[in-house]
Amino acid sequence: MEHEASHSLPYLKEALIFLVSAGVVVPILQRFGLNSILGYLVAGVVVGPFGVITLADNAFGFPIEMMTISDPEGVAKIAELGVVFLLFVIGIELSGPRLWAMRRLVFGLGLAQVVVTAAALAGAGILAGLSTEASIAIGASLALSSTAIVVQLLVGAGRLASASGQVMFSILLMQDIAVVPVILVIESLEPTAADGSLWQSLVMSTLLAAGIIATILFAGRRVIGPLFRFVGARQDRDMFTAAALLVIIGTAAATSMVGLSMALGAFLAGLVFADTEFSHQLEAEIAPFKGLLLGLFFLAVGMTIDPRVLIQQPLTLAAVVGGVIAIKALSIIILCLITRQSLAVALESGLMLAQIGEFSLVGLSLAAATGVVPPDVARVLVVAAGVTMALTGALATPIQRLSRWVTLHTHAPAPAMSLTSAEMEGHVIIAGYGRIGQSIGELLEQRHVPFIALDLNAHTVARSRAHGQPVYFGDMRRPDVLHNSRAHLARAIVLTMDNPAANAAVIRTLRVHNVSTPVVARARDRANARELYGLGANEVVLEAFEASLQMGEETLVTLGFPRDAAHVIIGEQRENGRRALTDAVGSVRHHS
């Protein structure tokens with residue numbers, strides 16, 4: 001057995017259980033009306049240490065232990081990367097100027113929420129008969145909400161750019177920053193902690209954190225930009241993905257080493273890339289990692305829920321869940337109203353952020369390990385955290401409906417601010433920014449038509465962006481890049497790439513994903529043009545044909561034909577050529 005174990009991959013069984021949950025169990029639960037977050041939480045309860053493993057080890061002759069995850073703590077550490085990638089994607093959609101515009105929400109409302117909520121929860125703990133130290137530790141821990149669940153729900157519902165989405169994200173960002181002070185406060189409450197060490201530790205950690213944040217933001221563009229231009233010039237997708245993972249995990253590790261959350265480091269890395277030419281392609285490359293690891297994160301949260309607490313202490317658990325939700329929701333609602341947010345925004349923000357978050361579990365574990373909080377109390381609070389997260393996932397849609405109803409009946413003005421570029425529509429997308437693409441871009445710019453261009457040549461992209469042109473590094477054959485560039489909302493897509501196969505692949509991707517935006521494509525010859533028409537291109541221009549027509553016109557003028565007459569002759573030839581192509585394509589479609 002030991003010989004066999006030495007040749008097995010670490011966490012192989014856990015990976016198989018997770019993939020079964022993600023590919024089979026969660027889709028089945030979704031058929032019964034559960035969203036993916038709730039599905040992963042339920043699956044986590046089942047396969048966790050408090051789920052089916054509590055049954056007989058060999059019920060019905062089947063080894064139950066083969067269906068359970070034996071090392072939930074190890075899985076949870078890997079699952080934290082899901083939150084890391086989520087925050088990176090959010091950062092890449094949020095530019096520096098937009099974040100600066102939110103500074104009052106982050107450092108005003110966000111900071112007030114952490115302090116007021118922690119104080120209110122600590123007061124409730126004292127009234128419940130807990131010691132002052134335990135109450136402070138619990139209040140500081142439970143003041144933090146779940147970044148992963150709330151942001152994922154907002155992104156899924158398309159509400160991250162809404163007024164309430166901005167408020168919630170600002171509060172969550174401040175909570176991520178507050179993780180270090182919360183941990184330091186809990187450590188200072190330990191009976192063996194040295195007097196006066198708290199303030200010294202807070203000051204030192206604050207200065208160190210400020211230094212690492214400034215370094216990432218200041219040096220990021222100067223180091224990472226040239227690196228990705230070098231990598232992009234190789235046009236190797238695997239190398240590009242590896243470089244992206246290096247930057248994300250590297251910045252997350254840097255912030256983790258100074259005590260800040262890894263998610264905050266990834267968010268800062270996203271900010272560095274927000275306004276660069278690589279933002280669309282990076283978001284597309286990271287999306288698969290983010291989705292899977294977030295699922296693993298929610299599965300890990302579900303494994304912390306002990307159903308036996310529901311049976312043994314139902315009233316205590318209900319009181320804790322109800323009390324925490326009421327205190328957090330009421331505190332946030334009042335603070336939102338004080339900061340002149342609308343009633344609809346205040347209600348949605350308060351109810352969506354009322355759960356106990358993933359970083360709360362870190363604080364509670366530390367408090368229990370140091371003896372500040374009694375183990376039986378920490379056990380109930382951990383289960384309460386899982387229950388409140390599950391309730392948030394289940395009630396997200398009704399909460400959003402309540403917000404819309406209040407908005408409708410209070411005649412609140414529509415939000416004007418936006419976190420992302422979701423408002424981009426009616427633009428033109430140019431795929432390929434070589435000679436032809438640049439000419440089309442200049443034409444559109446002169447006529448004030450909004451456009452963005454995508455190209456895989458890093459040097460072309462860098463040179464164009466240096467001149468203030470909206471050019472990004474990205475592959476239009478990727479469905480995620482199409483989504484990020486809002487292809488379904490564009491007025492037209494122009495394919496100018498000199499690779500016939502690439503233009504055809506883009507049209508196939510557009511049609512497979514039901515993007516009906518008109519397409520104008522460049523073709524190398526008549527056969528290529530017929531292929532592009534057959535795939536669904538609206539207009540196809542033959543590069544050699546057009547060049548021959550222009551040369552033909554100049555030849556006629558040189559031979560003595562009047563310019564107007566030569567222009568009419570060439571126009572007729574151009575129309576005849578286009579008609580012949582469309583007739584040929586129509587015949588092919590009819591026979592097929």
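Helices (H or I, at least four residues) and strands (E, at least two) are taken as DSSP runs and numbered from the N terminus. On this basis, the protein, examined here as a predicted model, contains 26 helices and 6 strands. Of its 592 residues, 47% count as buried. Among contacts with a separation of 6 or more, 73% are made by residues 24 or more positions apart.

The 6 strands form an open sheet with parallel pairing, in the order E3-E2-E1-E4-E5-E6. Its edges are strand E3 (471-473) and strand E6 (539-542), each of which pairs on one side only. From one strand to the next, the twist averages 20 degrees.

Strand E1 comprises residues 428-431, and its side chains alternate in direction: Val428 and Ile430 point one way, Ile429 and Ala431 point the other way, and all are buried. E1 runs parallel to E2 and is joined to E2 by 4 bridges. Within this pairing, Ile429 of E1 stands opposite Ile452 in E2. Ile429 is thus described both by its buried side chain and by its position opposite a residue of the neighbouring strand E2.

Strand E2 (residues 451-455) also pairs with E3, again in the parallel sense, over 3 bridges. Asp455 has Phe473 of E3 as its bridge partner. Helix H21 (residues 458-466) packs on the sheet, where it touches E2 and E3. The direction of H21 makes about 150 degrees with that of E3.

Away from the strands, helix H17 (residues 343-352) is mostly covered, with 7 of its 10 residues buried. The buried set consists of Ala344, Val345, Ala346, Glu348, Ser349, Gly350 and Met352.

Two loop residues other than glycine have positive phi values. Arg486, which is not a glycine, has a phi of about 55 degrees and lies in the loop between helix H22 (479-484) and strand E4 (492-495). Because its relative accessibility is 13%, Arg486 counts as buried, the cut-off being under 20% relative accessible area. Asn514 likewise has a positive phi, near 55 degrees, and is placed in the loop between H23 and E5. The relative accessible area of Asn514 is 68%, and this residue is therefore exposed, a class that begins over 50%. The two residues thus fall into opposite classes, Arg486 being buried and Asn514 exposed.

The structure holds 1 cavity of 30 Å³ or more. The volume of the largest cavity is about 30 Å³. Its lining is formed by Met497, Asp498, Asn499, Pro500, Asn503, Arg522, Ala523, Arg524, Asn528 and Glu543. Classed by residue type, this lining has 3 nonpolar, 3 polar and 4 charged residues. Helix H23 (500-512) and strand E5 (519-523) each supply at least two of the lining residues. Strand E5, which contributes to the lining, stands between E4 and E6 in the order of the sheet. The loop that holds Asn514 lies between H23 and E5, the two elements named above as contributors to the cavity lining.

Notes: Residues numbered from 1 in each chain as written. Predicted model: local features only at pLDDT ≥ 70, side-chain atom pairs only at ≥ 80, totals over all residues. Heavy atoms only, no water. 1 Å grid on protein atoms, 1.4 Å probe; cavity = no way out; pocket = protein on both sides within 12 Å on 5 of 7 lines; lining within 4 Å. Points joined across faces, edges and corners; volume = space filled by probe spheres on them. Nonpolar A, V, L, I, M, F, W, Y, C, P; charged D, E, K, R; others polar. Pairing = 2+ DSSP bridges. Axes fitted to C-alpha atoms, helices over the stretch in contact; angles between N-to-C directions. Contact = heavy atoms within 4.5 Å. Buried < 20%, exposed > 50% of the residue type's maximum accessible area, 1.4 Å probe, protein only.
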